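Colleague: Before I use these coordinates, could you take me through a few points of the model, one at a time?

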Amino acid sequence: MHFIIYYKEHAKGRYSLENVEGIINGIRWRTFNGDCRKILKDYIKAESIDCIFTSPPYYNLRSYGDKVRVDGNEGKWKYSNRKIATKDEIGIACNYEKYLSDLSEVFSVCYRVLKKDKFMFINIGNKHVDRECIDYSFDLITIAKHIGFVHCDIIIWIKKNSPPPGNHKEIYLGNGWEYILMFAKGKSYKINEDKYIDTGSLFKCKQCGSDDIVHFKSKPNYFFSNVGCFGNAKKKNSHPAPFPETVPRFCLAIGAKEHELILDPFVGSGTTLKVALDMHINCIGCELISKLYSDLIENLEKISKF
Ligand SMILES: C[S@@+](CC[C@H](N)C(=O)[O-])C[C@H]1O[C@@H](n2cnc3c(N)ncnc32)[C@H](O)[C@@H]1O
C-alpha cells in the first residue's frame with residue numbers, strides 16, 4: 001500500500017489545488033479538491049479516461065458546503081436551509097437555466113477527457129417542486145447530445161426503501177427510483193461481456209428476490225436488463241447523497257475493465273472510487289467542498305489499511 005499527499009499550485013498561477021494520490025494493491029487513485037470543470041480542463045489529458053460515472057448535484061436542493069456536525073465526529077450531520085452556494089458550487093442558488101449551463105460545461109470537459117467509444121453514466125433522480133415533478137433527464141440528454149455524446153440507454157434503479165414523502169403524502173408518491181443516463185463518445189461502443197460481471201449476491205434483490213439487472217440466459221444469448229433493484233446507500237456514510245455501491249458497480253462492470261482508468265467528477269464521499277478500487281480499476285475523483293473532501297480522504301485512508 002502506498003499513500004502520497006501533496007499540494008500543487010496551478011502552473012499558470014490561477015488557483016491552488018489540493019491533489020491527493022494513492023496506490024492500493026497496484027491500483028492507483030487520485031483525488032482533486034476543487035471545481036471539476038477547471039480540474040478536468042487543466043489536469044486531465046484529453047482522451048485519457050475509459051469510463052465516467054457520476055451523480056451530479058440536484059437542482060436547488062441543498063448546498064453541500066452548508067453542513068454542521070451535530071454529534072461529534074461520528075455519524076450525524078445537519079444541513080441548514082440557507083441554500084447559499086460555495087464558490088463554483090453547481091446546483092444551488094441559481095435558476096434552472098444556469099444549472100443546465102453549468103452541467104453542460106461539465107459534460108463538455110467530460111467529453112474531452114473520455115476516450116472514443118467509451119461510456120459516461122449520469123445518475124440523477126427527479127424532484128417535486130410546488131406539486132410538479134421536475135424531470136431533469138430530458139434536458140440532460142439534450143445537452144449531452146448537443147455536445148456530441150450518443151445517448152445509448154436509460155437505466156432505472158429501484159431503491160429498496162422508497163424515501164417517504166414526509167408531510168406531503170397526500171400530494172406526492174414515495175420517490176422509489178432514479179435514472180442512470182447512459183451515453184457514449186461515438187457509436188462503436190460495446191457493453192462488456194459477462195466475464196467482467198460479478199453476478200454473485202451483488203445484484204440479488206433481498207426484498208423481491210429477483211436477479212435485478214443481470215439476467216442470464218444460456219450463452220451466448222445472455223443480456224443485461226436496464227431496470228434493477230439496487231438497494232440503499234449505507235446510512236453511516238456522512239455524505240447526504242451517497243448512492244448504493246451496486247449503482248456504480250453495475251455501470252463499471254458493463255462499461256470499464258480491470259486496470260483501466262475511470263472518473264467521477266462529483267465524487268462526494270467516494271462511493272465510486274471505493275467500488276472501482278474493489279474492482280481493480282484505477283480512478284480519479286473531484287470534490288469541491290473542502291469539508292467533504294477531507295471526509296473523502298479519511299474514507300480512502302481507511303480503505304488503504306485493508
Ligand atoms: C450528488 S453529490 C455526489 C454524491 C456521491 N455520489 C457519493 O456517493 O457520496 C454531488 C457532489 O458534487 C459536489 N459538487 C458541487 N459542485 C461541484 C463542482 N463544481 N465541482 C466538483 N464537485 C462539486 C457536491 O459537493 C457534492 O458532494
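Colleague: Is Thr54 buried or exposed in this predicted model?
Modeller: Thr54 has its place in strand E4, which covers residues 49–54. Its count of C-beta neighbours inside 10 Å is 23, and the cut-off to be met is 20 or more. Thr54 therefore counts as buried.

Colleague: Which residues does Thr54 touch, not counting residues up to four places away in sequence?
Modeller: The C-alpha atom of Thr54 is separated by 9.6 Å from that of Gly268, although the two residues are 214 residues apart along the chain. Leaving out residues up to four places away in sequence, the residues that Thr54 touches are Ile122, Asn123, Asp264, Pro265 and Phe266.

Colleague: How do helix H2 and helix H3 pack, roughly parallel or oblique?
Modeller: Helix H2 (residues 96–113) and helix H3 (residues 137–147) have their axes 9 Å apart, at an angle of about 40°. Angles under 35 degrees would count as roughly parallel, and the angle here is about 40°. H2 is therefore oblique to H3.

Colleague: How many nonpolar residues are in the contact of H2 with H3?
Modeller: On the H2 side the contact is made by Leu100, Leu103, Ser104, Phe107, Ser108 and Tyr111, and on the H3 side by Asp139, Leu140, Ile143, Ala144 and Ile147. By class, one residue of this contact is charged and two are polar, while the number of nonpolar residues is eight.

Colleague: What pLDDT does the chain average?
Modeller: A pLDDT of at least 70 is scored by 72% of the residues, and the chain averages 80. Over residues 1–15, however, the pLDDT is below 50. Where pLDDT is low, predicted coordinates should not be read in detail. The chain average itself is a pLDDT of 80.

Note on methods. Residues numbered from 1 in each chain as written. Predicted model: local features only at pLDDT ≥ 70, side-chain atom pairs only at ≥ 80, totals over all residues. pLDDT = per-residue confidence, 0-100. Contact = placed C-beta atoms within 7 Å. Axes fitted to C-alpha atoms, helices over the stretch in contact; angles between N-to-C directions. Helix = DSSP H or I, 4+ residues; strand = E, 2+ residues; numbered from the N terminus. Parallel < 35°, antiparallel > 145°, perpendicular 65-115°, else oblique. Nonpolar A, V, L, I, M, F, W, Y, C, P; charged D, E, K, R; others polar. Buried ≥ 20, exposed ≤ 12 C-beta atoms within 10 Å, placed from the backbone.
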